[in-house]
Amino acid sequence: MTVADCLFCRIVAGEIPATVVAETERTLAFRDIAPKAPTHVLVIPKEHYADVATLAVGDFALAGEVLATVADVAAAEGLDGTGFRVIFNTGASVGQTVFHAHAHVLGGVDMDGDLTG
């Protein structure tokens, strides 16, 4: 399922360019256009789910694939040895601005506060 006006669905469809860092059959990882850390990569399911809670209920296996891609991105970016943060925002009141499930993978800096903006 895709949503015609969803930014991330349009990236998956190739309608909007993104700097892709990893891709599987069902996930896509690309650099955030407004990074909050030296490494800031978004990992999304290619299928549209509004948020991580909907994804977890709708396709538990795909949720696991998203997390596996997070781990692969962290390793490829050299963060697996130094540490990284993974953030899922669910709902506008906590900062979700694109309503397509996505994980923020952040690293490369000492993180002692909120970096997701």
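**Exercise 1.** Is Arg-26 buried, partly exposed or exposed, and what is its relative accessible area? Then establish which residue forms a salt bridge with Arg-26, and where the two partners lie.

*Solution.* The model considered here is a predicted one. Begin with accessibility: the relative accessible area of Arg-26 is 26%, and because values under 20% count as buried and values over 50% as exposed, Arg-26 is partly exposed. Next, look for the partner, which is Asp-59, with the closest N and O atoms of the salt bridge 3.2 Å apart. Then place both residues: Arg-26 sits in the loop between S1 and strand S2 (27–31), whereas Asp-59 sits in the loop between H2 and helix H3 (60–76), so the salt bridge ties together parts that are 33 residues apart in sequence. Asp-59 itself is buried, at 16% relative accessibility. Finally, extend the search to Glu-65, which is linked with Arg-26 and Asp-59 in a network of salt bridges.

**Exercise 2.** Determine how many salt bridges the model contains, and describe the pairs made by Lys-46 and by Glu-15.

*Solution.* The count comes to five salt bridges. For Lys-46, the partner is Glu-23, and the closest N and O atoms are 2.7 Å apart. Lys-46 belongs to the loop between strand S3 (39–45) and helix H2 (52–58), while Glu-23 belongs to strand S1 (residues 20–23), so this pair ties together parts that are 23 residues apart in sequence. Glu-23 is exposed, with a relative accessible area of 52%. For Glu-15, the partner is Arg-10, at a closest N and O distance of 3.0 Å. Here Glu-15 is exposed, at a relative accessible area of 53%, whereas Arg-10 is partly exposed, at 33%.

**Exercise 3.** Identify which members of the largest nonpolar core touch the most other members, and work out which elements supply this core.

*Solution.* The largest nonpolar core has 15 residues, and the members that touch the most others are Val-41, Val-43, Leu-55, Val-73 and Val-105. Turning to the elements, S3, H3 and strand S5 (103–107) each supply at least two residues of the core, and the largest share, six residues, comes from H3. To inspect one member, take Val-105: leaving aside residues up to four places away in sequence, its contacts include Val-41, Val-43, Val-70, Val-73, Leu-79 and Phe-84, and also Thr-39, His-40 and Arg-85. As a last step, note a second, separate core of nine residues, among them Cys-6, Phe-8, Ile-11 and Val-98.

Definitions and conventions:
Residues are numbered from 1 along each chain as its sequence is written. This is a predicted model: local features need pLDDT of at least 70, side-chain atom pairs count only at pLDDT 80 or more; totals for chains, interfaces and linings use all residues. Side-chain values use heavy atoms; hydrogens and water are left out. A salt bridge is a side-chain nitrogen of Lys or Arg within 4 Å of a carboxyl oxygen of Asp or Glu. Buried means under 20% relative accessible area, exposed over 50%, partly exposed in between (1.4 Å probe, protein chains only). Helices (H or I, at least four residues) and strands (E, at least two) are DSSP runs, numbered from the N terminus. A nonpolar core is a set of buried Ala, Val, Leu, Ile, Met, Phe, Trp, Tyr and Cys residues joined through side-chain atoms within 4.5 Å. Contact means heavy atoms within 4.5 Å.
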